[in-house]
Amino acid sequence: MNELILGDCLEVLKNIDSESVDLVYLDPPFFSNRNYEVIWGDSGEMRSFQDRWSGGIDHYISWLKERVMEMHRVLKPTGSIFLHCDWHANAYIRVYILDKIFGEQNFRNQIIWKRTTTHNDSGQGAKHFGRVTDIIFFYAKELKKATFNPQYERYTSDYVASTYNKVDAEGRRFKASDLSAAKPGGDTSYEWHGKKPPTGRYWAYSQANMLEFEAEGRIYYSKTGQPYLKHYLDAMPGTSIDELWSNCVFRSKKERIGYPTQKPEALLERIIQSATNEGNIVLDPFMGGGTTVAVADRLDRAWLGIDQSVAAVKVTEFRLQRQRGLFSKPFVTRLHKYDYDTLRYQDAFEFESWIIQQYGGLPNIKQRGDLGLDGRLPDNTPIQVKRSDNVGRNVIDNLVSALRRYDKNRFEQAQTHGVLIAFSFGKGAVQEVARLKNEEGIVLKLVTVEEIVPIAKKPTLQINVVDLGADSKGQREIEFQTTVTSSVGVQFFAWCWAYQAGSSFKADVLFDKTGVQRHEFAPGEHNIAIKVVDNDGLESLEVLRLKVNGVVVTG
Ligand SMILES: C[S@@+](CC[C@H](N)C(=O)[O-])C[C@H]1O[C@@H](n2cnc3c(N)ncnc32)[C@H](O)[C@@H]1O
């Protein structure tokens, strides 16, 4: 787990095991204002967008229903779903999707969430009240088995001041509750420190209990000597949360990535904490800028995020890198294309094992003797991998002799004697393979990496630095202008103003569409890192060294 996956969630969900996930939170594109919905503007998002719109609300509902059915399948019996929507389609979603798939009996709440930016649509002349809330439907997969942890929020200061209005000698705030009760029950009419219960009433506790409270210092006496039980504020969990959520808001400016449908982390914290425990698995099939997975990661849950937009997947990847520390668990990002340079220059053994698996073969756990064979197909055809380009004739000669020694019997009877995988093959190798087949009946299959996985070249990035001058405090404003070469086009840029070489990229500006940024620097040396992401999701990093000391020096 811990994967970011690019793709239509319907297709991705089909490959997820049944009953393997503890919580699904989904914030699908709404059935609402068309333009407002497009966040990323890339081809993945646009395709999905057109899909949903082509046949009105009925089409939207069947589009979503298909996907929710898969979500239901992947949920464990103890799991739950939270579906975020608004007034445009909520009634249809509840009746036609959730009640049908999860069953009315598994309905738990209709949570009303007051949106952060009380973005109010009741402008002048509007004939309705401002619509400022979203709806989050909460269903269990199986009500009786579902995980649920009640949530609490801090008491308001007014409530604390009026209710927890006493302070003990150690400075602990408490409220004092009556120790008498209307009904008798066992040992409840005794005299306590010379006081009987008020007329017509009884003590609420037995004498033994009262002695225990007293030993714990939990009895408070009023001026008249009447005993009360102390309830300390710091021992209370707070107010238990109901289904009206009005204070799940963005905690800081930095939390905002910069698009209208981003949800605050506080909202997802509440959902994840209520429906999962540490180590559980959280799935967001429409993850957007990755709020759910970022929070799940911070709360030590495993997670899976899916989005059809390259930008969403990469923004989420950078967001996770920004918040992660030394002990964070690793995650992988699955795009549709692989970067040639990364594959070509990564650890050889890792690459060999991976590409053999992608080809449907089984890699050797370790190299077998000096034969240089790296794995085999399920029918036992040996596979060799060369992590290089232009593989030559000598490699073919060595492979044939290795195959002979590897399994003599097989070699004499095989139809395909071996498979050789490389980035590309030279003319000499191709000719020798043809000759072997024609003259000696030895069949070798040459397979390029690109035939197994789609490969692309990442973009290249150049930065131009313009010194805009110093302000009165000696800070210098610098403008950075980017020039990108890419065969597929640019998605976005991310910027880090204090980059530490060797450590992960912690973006200060996470989602910049323009490629131009201005920033102020104090005198001294600065490392600035810029990433560009192209339409395949491939990225390049450029690091600049700036010396700000009257003049700017780049390197
Ligand atoms: C409303 S946004 C989610 C926002 C997110 N909750 C957040 O806080 O950032 C919806 C997302 O669904 C994605 N999307 C649309 N259709 C999709 C599909 N068929 N499969 C996966 N993702 C899809 C969009 O690209 C968009 O990022």
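**Note on strand pairing and overall form**

1. Strand β26 pairs with strand β29 (residues 516–521) in the antiparallel sense, and six bridges connect the two. Within this pairing, Q481 lies opposite V516 of β29. The model under discussion is a predicted one.

2. Strand β26 (residues 476–485) has a further partner in strand β25 (residues 460–470): these two run antiparallel and are joined by nine bridges. One position of this pairing may be located on the structure by I463, whose bridge partner in β26 is T482.

3. Strands β25 and β26 form a hairpin with five residues between the strands. Which residue of this hairpin takes a positive phi? The residue is G474, with a phi near 85°.

4. A second region concerns strand β2 (residues 21–26). Is this strand mostly covered or mostly uncovered? Strand β2 is mostly covered, since six of its six residues are buried, that is, under 20% relative accessible area.

5. Strand β2 runs parallel to strand β3 (residues 75–85), with five bridges between them. The residue of β3 that stands opposite L23 is S80.

6. Strand β2 also pairs with strand β15 (residues 281–284), again in the parallel sense, over two bridges. Here V24 faces L283 of β15. The partners of β2 thus include β3 and β15.

7. Turning to the whole chain, the secondary structure amounts to 16 helices and 32 strands. Why is the protein described as more spread out than a compact globule? Its radius of gyration is 32 Å, whereas the globule rule gives 24 Å for 555 residues; the value is well over that figure, so the protein is more spread out than a compact globule. The C-alpha trace spans about 115 × 70 × 55 Å along the principal axes.

8. With regard to burial and contacts, 46% of the 555 residues count as buried. When contacts between residues at least 6 apart in sequence are considered, 65% of them join residues at least 24 apart.

9. The accessible surface of the protein comes to about 28,200 Å², and carbon and sulfur atoms account for 48% of it. As to charge, there are 70 positive and 71 negative side chains. The centres of these two sets lie 2 Å apart.

10. For inspection of the model, two sets of pairings may be taken in turn. In one, β26 is joined antiparallel to β25 and to β29. In the other, β2 is joined in the parallel sense to β3 and to β15.

Terms used:
Residues are numbered from 1 along each chain as its sequence is written. This is a predicted model: local features need pLDDT of at least 70, side-chain atom pairs count only at pLDDT 80 or more; totals for chains, interfaces and linings use all residues. Side-chain values use heavy atoms; hydrogens and water are left out. Helices (H or I, at least four residues) and strands (E, at least two) are DSSP runs, numbered from the N terminus. The radius of gyration is taken over C-alpha atoms; the globule rule is 2.2 Å times the number of residues to the power 0.38. Buried means under 20% relative accessible area, exposed over 50%, partly exposed in between (1.4 Å probe, protein chains only). Contact means heavy atoms within 4.5 Å. Accessible areas come from the Shrake-Rupley method with a 1.4 Å probe; for residues, only the protein chains shown count as cover. Lys and Arg count as positive and Asp and Glu as negative; His and the chain ends are not counted. The place of a charge is taken as NZ of Lys, CZ of Arg, CG of Asp or CD of Glu. Two strands pair if DSSP finds at least two bridges between them.
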